[in-house]
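Student: I have a model open in front of me and would like to learn how to read it. Could we go through a few features together?

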Amino acid sequence: MFKSYIRTQPAAVQLMILLSFWSALKLLFLLLMPFLLTRAGISMENYANELFNHPNLVLTLNMLNSVFTFLLPAAVFVYLADPKPLQYLGLEKPQQGRLVALVTGMALVLIPVAGILGGWIKDLNLGNFSADLDEQRMKMLEQYIGSGSIATMLLNVVLIGLVPAICEEVFFRGVVQRFAHTWLKKWWLSVGVSALIFAFAHASISEFIPITIAGFVLGWVYYRTGNLWLAILLHFLHNGLQVVLAYVSSGSGELDSASWISVLVFSIAALILLVCLQQLQKTNRPLPSGWSVVYKEEPADTHMDKAL
């Protein structure tokens, strides 16, 4: 379709193009937001407080924010970057059922690892700003699970679990991690940088470290398998299972972060997670050491054979 795809341009030029798409689509969402608030009868002057009375609107805005901020910029960029955008991202069916089972197990143990660690960090005095962020987050979560109905739970699994998993993985792993590896070369640096950017995007002080760890695990899965669907599956299960647990427990099943049981659960879950990460090294489809956003002019179906 195109005489030349932007994959042949220098990495810095490609990054500027990506940031241009990101800025334009983020601005479009910010312009759309007042219209949606007005339609819901919410004034712009006091929307932060009034939003708590409209949990469905909050979910809708969060979904649109994910689509406009992460999915659409990445999708437009990849469409212009490569003649085979799905292969560029690694969106192909996993060839080994073992990897699907392994990723599912990682999602199960990542929940207590991130959750308990987040609880320990929240017990620290991180200042009023961090406390306010946590309070707002808890108010929203309480609104999400307020009805307790199965239909609402399933809707929240989609809006809180599936949609962010697709949007964020396409952007952070499919595009950002590739840019990071272009300049940093070493896998642990590119995975680590993409994980840090992923954590910063979630704007949480107390959960910054747990989100960074989750981002690192997601990046490692993508780097070792070259398959973005596996990272999306892990992300979806991690978020979706937490939604289900929130409905089932209604907050009554949380562990005391200061108890020895929480230390034991965290230690066992962390050990299992490390074993799962080590098992990923046995995959025979890791991304190559020269993985980059920049390609020399070559047949369209050649470079992806090397990358996947």
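**Reading helices, a side chain and a pocket**

Tutor: This is a predicted model, and we can begin with helix 8, where Ser190, Val191, Gly192, Ser194, Ala195, Phe198 and Ala199 are buried.

Student: What covers the buried residues of helix 8?

Tutor: The cover includes helix 7, helix 9 (208-225) and helix 10 (228-249). In general, an α-helix has 3.6 residues a turn, so residues three or four places apart point the same way.

Student: What should the 15 residues of helix 8 span?

Tutor: At 1.5 Å a residue, helix 8 (residues 187-201) should span 21 Å, and its end C-alpha atoms are 21 Å apart, which agrees. Just after helix 8, Ala203 takes a positive phi of about 50°.

Student: Is Thr182 buried or exposed?

Tutor: Thr182, which is found in helix 7 (residues 150-184), is buried, because its relative accessible area is 8%, under the 20% cut-off. Its side chain reaches the backbone oxygen of Arg178 at 2.8 Å, while a polar atom of that side chain lies 3.0 Å from the backbone nitrogen of Val293.

Student: How is empty space found, and what is the volume of the second largest pocket?

Tutor: Rolling a probe the size of a water molecule over the atoms shows where empty space is left. Here the second largest pocket has a volume of about 240 Å³, and among the 15 residues that line this pocket, the closest to its centre are Leu15, Leu19, Phe171, Val176 and Ile197. Helix 7 gives the most to the lining, with six residues, and the lining divides into 14 nonpolar residues, one polar and no charged.

Conventions:
Residues numbered from 1 in each chain as written. Predicted model: local features only at pLDDT ≥ 70, side-chain atom pairs only at ≥ 80, totals over all residues. Heavy atoms only, no water. Helix = DSSP H or I, 4+ residues; strand = E, 2+ residues; numbered from the N terminus. Buried < 20%, exposed > 50% of the residue type's maximum accessible area, 1.4 Å probe, protein only. Polar contact = N/O pair within 3.5 Å; in protein donor to acceptor, adjacent residues only side chain to side chain. Expected span 1.5 Å × (residues − 1). Contact = heavy atoms within 4.5 Å. 1 Å grid on protein atoms, 1.4 Å probe; cavity = no way out; pocket = protein on both sides within 12 Å on 5 of 7 lines; lining within 4 Å. Points joined across faces, edges and corners; volume = space filled by probe spheres on them. Nonpolar A, V, L, I, M, F, W, Y, C, P; charged D, E, K, R; others polar.
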